[in-house]
Amino acid sequence: MKNTFYITTPIYYVNDKPHIGHAYTTILADVLARYHREAGQDVFFLTGLDEHGQKVQQAAESRNITPQQHCDEMAPRFLELWEKLHIQYDDFIRTTEPRHVDVVQQVLQKVYDSGDIYMDEYEGLYSVSEERFITEKESESGEFRDITKLKEKNYFFKMGKYQQALLDHIESNPDFIQPKHRKNEILGFLRNPLGDLCISRPKSRLNWGVELPFDADYVTYVWFDALLNYVTAPGYKSDDETFKRWWPANYHLIGKDILTTHAVYWPTMLFSAGLPQPKSIFAHGWWLSGESKMSKSLGNVVNPLDLIDEYGVDPVRYYLMREMVLGQDASFTIDSFIKRYNSDLANDFGNLLSRVSTLITRNFDGNIPELGNPTETDKTIALEGEKTVKLVQGLIQKMRLNDAIEETMQFIRSVNRYMEQQAPWKQVREDKDAAGRTLYTAAEALRISALLLHPVMPSRTQVVLDTLNTRDTSLKWGRLIAGTELVKHESLFPRIDVKKKDKVQESAKEEIPAEPENVVTFDEFQKLKLRTAKVLEAEKVEGADRLLKLQIEVGDSKRQIVAGVAEFYTAESLIGKMIVVVSNLKPAKIRGIESNGMLLAAKKGKQLTLVTIDSDEIGSGADVN
Ligand code: MSP
């Protein structure tokens, strides 16, 4: 088995300055790369920049400089942020580098020679903002800007030819597209015939791109160029050993908005070029502030990246990794950041270190005491430590990063409880050996916890290891050497005093509307008509990840509602369900679709479940009071 691990982030557009979207995926890749590196694997972690295309050309034009100058000015901004975030990448690729241009041209020539590229005249609607031809339906969705009609001769890649091969590959490789709901989304997309892909742009319209090797009047479509970065960096040459050492990649990490390009365009390109498929494409959700994507309109909301200067990079990395369930959206608020920081980092982790080091310093001259003959209670902690290591390793393999972190925190909490029970500050007076056993055990638990959290918080966990004066990175229990002198440390995570919240936090507060008076009169409540309803039909709303369009029966009448439940229920699973709706809600248009009522659902954190009626007899249209 290859002991290599190759992980990639998307390459980021340089028309925008780096934001939370870029930072999140890159930290995620860094954390995973570190876990695998620290588990002894040979890791190749790639990130970089997508520098071609219309958006970059326009950004440069508006600044009156050349596109290359624009790219050269933007690249350091990303590099600075990676340094600030402690990103340990192995390669940083820029698509304007000769090594990449060369690979794009080689692959294009190969695909062309094999007959998979042809020229055709095409007339259709073109979205300048998205840089691609769009369908009639898409143009009506309101999600595309700058739409013009274009008639043009272009080169097309025979993507449709590989539809069946792609379906077969997805079927026989269950982990190819993760998480599962994203795989189902792609399978749904592939139920319709897959068209061919326009892969060129005439230079008369756009010249900032890789020139087609077989026609100097055209440049390559930016996605065909960009996706190939994943094979350029490990040294694309179909028969080269270095290349084969890394390719196929273990993970392409992406955001959910770029799933189709990665899970449809890219695999078909690889089929045509005769290259193996990546092992997994993993799409994460978005960071939201309220309902909107954070990177888009930050407005008055605190940017998580601004918290670094105040609280340090590690707490921000910790928060982003702990708070997002991979695959789902997560919401950023300053309050939840402070809560997590104070409870997990200051109270649980930081406090354990300060207690252990203070007690050892006071009672054992600052030297780690002997374990001696551990009691059953001491051994329970050792066993729990061993169990946590195994659990964390398993969860990382399954990409359940937030759970891996939580398991480690649970372990730290149980060590804190053990300290309370054993009370080594009392034990020293009655039985000094017992106090030594407790403190050795707690110190070793700290070493293991610091190692398990090291990929997430490389700097602060190093403080723990330095305090314990150990360089032993083995996750085997019992490696601390008695007699080792502790080293003085600064406070690991100073508590954030909520009352002394600074200006930034105050302004974030303003975003949250004041709590309304939380009472309604009975008469007011009576105005609401809650009714049972039966779901007759359900379907996804094109271009809206969270919405389902439902046809429901309410007594004798039928009506349509739009509900934001698509992340929790598939359309099929709702058909036949007896739900509860507010039937006299003023009709509204959601994404241009009429919605006549609203269904009720219970929501907690990231979970949502529908309010349903568990008796068939009552039928639809019944009053709910
Ligand atoms: N250049 C393309 C990718 C080409 S890969 C061969 C691109 N660039 S981008 O700069 O727009 O990348 C943005 C990345 O950041 C996407 O993965 C996107 O999902 C992610 N995010 C942007 N905003 C985000 C949030 N608010 N939250 C999390 N990630 C989001 O697309």
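## Working through H14, H18 and some odd backbone spots

Asp 348 is found in helix H14, and this is a predicted model, so let's start there.

**Exercise 1.** Work out whether Asp 348 is buried or exposed, and which residues it touches.

*Solution.* Start with the cut-off: buried means under 20% relative accessible area. Asp 348 comes in at 13%, so it counts as buried. Next, skip the neighbours within four places in sequence; that leaves contacts with Ser 343, Met 409, Ile 412, Arg 413 and Asn 416.

**Exercise 2.** Check whether the length of helix H18 (residues 432-453) fits its residue count, and say how enclosed the helix is.

*Solution.* Take the 22 residues of H18 at 1.5 Å a residue: the expected span is 32 Å. The span uses one less than the number of residues. Now look at the end C-alpha atoms of H18, which sit 31 Å apart, so the two values agree. As for burial, 20 of the 22 residues of H18 are buried, and therefore the helix is largely enclosed by the rest of the structure.

**Exercise 3.** Describe how H14 (residues 334-363) packs on H18.

*Solution.* Geometry goes first: the angle between H14 and H18 is about 145°, and their axes are 10 Å apart. The crossing of H14 past H18 is left-handed. Then pick out the residues that make the contact: H14 brings Phe 349, Leu 352, Leu 353, Val 356, Leu 359, Ile 360 and Asn 363, while H18 brings Lys 432, Leu 439, Ala 442, Ala 443, Leu 446, Ser 449, Ala 450 and Leu 453. Sort them by type and you get 12 nonpolar, 2 polar and 1 charged.

**Exercise 4.** Find where the cis peptide bonds at Pro 179 and Pro 248 sit.

*Solution.* For Pro 179, the cis bond is with Gln 178, at an omega of about -10°. Pro 179 lies in the loop between strand S7 (177-178) and helix H7 (180-189). For Pro 248, the cis bond comes from Trp 247, with omega near 5°. Pro 248 has its place in the loop between helix H10 (241-246) and strand S12 (251-255).

**Exercise 5.** Asp 365 and Asn 469 have positive phi without being glycines; place each one and judge its exposure.

*Solution.* Asp 365 has phi near 55° and is found in the loop between H14 and helix H15 (376-397). Its relative accessible area is 67%, so Asp 365 is exposed. Asn 469 has phi of about 55° and lies in the loop between helix H19 (458-467) and helix H20 (503-511). At 39% relative accessibility, Asn 469 counts as partly exposed.

Note on methods. Residues are numbered from 1 along each chain as its sequence is written. This is a predicted model: local features need pLDDT of at least 70, side-chain atom pairs count only at pLDDT 80 or more; totals for chains, interfaces and linings use all residues. Side-chain values use heavy atoms; hydrogens and water are left out. Helices (H or I, at least four residues) and strands (E, at least two) are DSSP runs, numbered from the N terminus. Buried means under 20% relative accessible area, exposed over 50%, partly exposed in between (1.4 Å probe, protein chains only). Axes are lines fitted to C-alpha atoms, for helices over the stretch in contact, and angles run from 0 to 180 degrees between N-to-C directions. A crossing is left-handed if the near helix is turned anticlockwise from the far one by less than a right angle, and right-handed if clockwise. Contact means heavy atoms within 4.5 Å. Ala, Val, Leu, Ile, Met, Phe, Trp, Tyr, Cys and Pro count as nonpolar, Asp, Glu, Lys and Arg as charged, and the others, Gly among them, as polar.
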